[in-house]
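Open the model in your viewer and keep the selection tool at hand. This tour goes from the whole chain down to single side chains.

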Amino acid sequence: MAPKKPLCFPSLLLLLLTLLRPQGGLPAWLLRKPNIHLRTSDPDFLAAVDSWFKVLLPKIYPWLYHNGGNIISIQVENEYGSYRSCDFAYMKHLAGLFRAILGDEILLFTTDGPQGLRCGSLKGLYTTVDFGPADNMTKIFALQREYEPHGPLVNSEYYTGWLDYWGQNHSTRSIIAVTKGLEKMLKLGASVNMYMFHGGTNFGYWNGADEKGHFLPITTSYDYDAPISEAGDVTLKLFALRNVISQFQEIPLGPLPPPSPKMMLGPLTLHLDGYLLDFLHLLCPQGPIHSILPMTFEAVKQDRGFMLYRTYLTHTVFEPTQFWVPNNGIHDRAYVMVDGVFQGVLERNTKHKLFLTGKMGAKLDVLLENMGRLSFGSNYSDFKGLLQAPILGQTILTQWLMFPLKVDKLVKWSFPLQLLKNSHPQTPSGPIFYSTTFPIFDSVRDTFLFLPGWTKGQVWINGFNLGRYWTKRGPQQTLYVPKPLLFPRGVLNKITLLELENVPPQPQIQFLDSPILNSTLHRTYIYSLSADTRSDSKPMELSGH
């Protein structure tokens with residue numbers, strides 16, 4: 001029976017056990033079994049699921065609504081109908097596990113886009129849908145009614161904005177469109193959960209990725225054009241949504257908190273610490289792993305970040321010769337060096353060509369970056385690293401040394417400033433560390449790190465991994481720096497960059513009092529291996545990240 005009022009901003013908690021992180025939130029160690037089938041009734045996967053939920057669900061049980069808690073319902077799986085496995089035995093297993101531990105009183109539900117309802121819904125679990133303001137609300141709610149004839153209409157993910165991909169335009173949803181869509185749903189008596197209501201940040205290596213014709217890693221910022229920004233500030237969109245909601249139910253009285261104060265600082269000049277190869281003994285203190293053919297990240301238990309692959313040329317290559325990896329075997333981005341000299345980049349799903357020369361015995365280093373695991377749709381097992389042996393001309397390269405790199409540990413605990421006194425080229429290129437220290441004498445506030453002229457890399461503040469920057473590709477140009485990461489009262493703060501490609505003539509950074517999220521400085525087209533035509537930015541299929 002439909003509730004008298006739509007559920008919107010409920011005081012009770014709607015618990016969503018969703019899959020929103022890299023690889024849908026599933027841990028990378030699952031892929032150490034290379035033949036595992038994720039999100040299916042594969043016994044290896046179900047054993048991991050059972051082990052986890054038998055710990056998690058009993059902790060939730062006391063907080064269920066009928067036990068006096070504030071959890072009114074729990075979501076089982078997330079948009080499973082978009083996964084294309086359509087394994088009903090798996091869904092039945094999940095439903096049985098939840099019921100066995102949580103009991104029969106709690107409302108369990110599923111959510112899917114309109115194309116996913118056939119495989120994502122299950123008898124005994126309440127079927128809900130998700131869509132945004134541009135979608136056909138009448139048609140999608142009618143589809144929900146086919147699967148759920150009684151009970152409330154529910155949009156479990158109403159998209160207030162959208163996520164960003166590197167190299168594409170910053171995504172926005174207009175206030176008018178979002179508020180009109182909300183008003184129409186509330187007039188129907190529908191219940192609504194807004195996604196996202198509060199923007200966020202993919203700190204460290206925690207961004208996900210999509211596969212929609214080509215590999216699309218998601219930016220560090222997850223601001224999402226949400227009603228509350230990445231920095232926790234209310235926006236005009238929030239005020240407009242409150243006005244709509246006030247027509248249907250009472251809203252809390254009193255003013256909303258003002259935006260938190262922000263600070264500006266700099267510019268600050270960074271100093272060269274040394275090339276990544278200079279620190280290899282510290283980045284991989286246990287030494288390399290040897291294999292005839294290259295091994296994946298998962299095979300050597302490197303869950304995220306970077307791994308260096310090294311081999312030696314078995315003959316002299318006099319003429320520029322193509323270096324390539326068959327079958328799209330670079331996951332996800334490779335930085336190639338010969339005898340320590342940066343040669344260029346190869347990238348997943350691109351047709352970019354790289355040509356090398358070198359003497360017999362020359363050292364060939366390939367730094368592989370994990371750019372984030374697939375997190376929606378047919379997110380098959382997304383192995384990282386060199387998935388196939390690279391080829392130089394017609395020669396398959398073998399006898400590899402693999403160095404799983406502990407970059408975060410080095411930056412946080414043991415990074416020595418100015419370790420090397422060697423002379424370096426005036427225009428450094430290739431994977432290289434820069435850093436500086438700075439005090440803050442005034443009040444410490446939230447801020448946004450701006451890296452003008454830098455290319456692509458990773459950045460740390462006081463040992464905390466802020467995430468990836470990719471100034472040359474955009475659209476994100478600044479990284480959010482929360483106030484608690486900074487030291488006050490003149491204590492020295494330290495910023496460290498791992499620049500992966502090219503350093504600007506003036507290696508400077510600065511802190512701004514507002515973000516820059518919408519500047520794609522160099523228009524980048526990504527080429528699919530299966531097509532010769534250019535793929536421009538275009539609206540993406542809704543996914544609910």
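How much accessible surface does the chain have, and what share of it belongs to carbon and sulfur atoms? Show the surface of this predicted model. The accessible surface comes to about 24400 Å². Carbon and sulfur atoms hold 57% of that area.

**The whole chain**

Switch to the cartoon view. The chain has 8 helices and 31 strands. There are 545 residues, and 55% of them are buried. Now think about contacts with a separation of 6 or more. Of these, 78% join residues 24 or more positions apart.

**Helix H4**

Select residues 137-147. This is helix H4. Which of its residues are buried? Colour Met-137, Ile-140, Phe-141 and Gln-144 to see them. Look down the helix axis. The four lie on the same side of H4, because they cover an arc of only 95° around the axis.

Turn to the face pointing away from that buried side. Here you find the exposed residues Thr-138, Lys-139 and Glu-146.

Next, zoom in on the start of H4. Pick Asn-136. One of its side-chain oxygens comes to within 3.3 Å of the backbone nitrogen of Thr-138.

**What H4 packs against**

Which elements does the buried side of H4 meet? Add helix H3 (117-120) and helix H5 (175-187) to your selection. Then add strand S4 (126-131) and strand S5 (154-159). The buried residues of H4 pack against these four elements.

**Thr-128 in strand S4**

Stay with strand S4 and select Thr-128, which lies in it. Is Thr-128 buried or exposed? Its relative accessible area is 2%, and the cut-off for buried is under 20%, so Thr-128 counts as buried.

Show the side chain of Ser-156 too. The side chains of Thr-128 and Ser-156 make a polar contact at 2.7 Å. Now look for other contacts of Thr-128, leaving aside neighbours within four places in sequence. Among them are Phe-109, Thr-110, Leu-117 and Val-154. Gln-144, one of the buried residues of H4, is also in contact with Thr-128.

**A patch on the surface**

Last stop: select Ile-175 in helix H5. Its relative accessible area is 32%. Ile-175 is therefore partly exposed, as that value falls between 20% and 50%.

Add Leu-236 and Phe-239. With Ile-175, they form a nonpolar patch on the surface. Together the three residues have about 290 Å² of accessible area.

Key: Residues numbered from 1 in each chain as written. Predicted model: local features only at pLDDT ≥ 70, side-chain atom pairs only at ≥ 80, totals over all residues. Heavy atoms only, no water. Buried < 20%, exposed > 50% of the residue type's maximum accessible area, 1.4 Å probe, protein only. Helix = DSSP H or I, 4+ residues; strand = E, 2+ residues; numbered from the N terminus. Arc of directions from axis to C-beta. Contact = heavy atoms within 4.5 Å. Polar contact = N/O pair within 3.5 Å; in protein donor to acceptor, adjacent residues only side chain to side chain. Patch = residues over 30% accessible without salt bridge, like charges linked within 9 Å, V, L, I, M, F, W, Y side chains within 5 Å. Areas by Shrake-Rupley, 256 points an atom, 1.4 Å probe, with all protein chains shown as cover. Salt bridge = Lys/Arg side-chain N within 4 Å of Asp/Glu carboxyl O.
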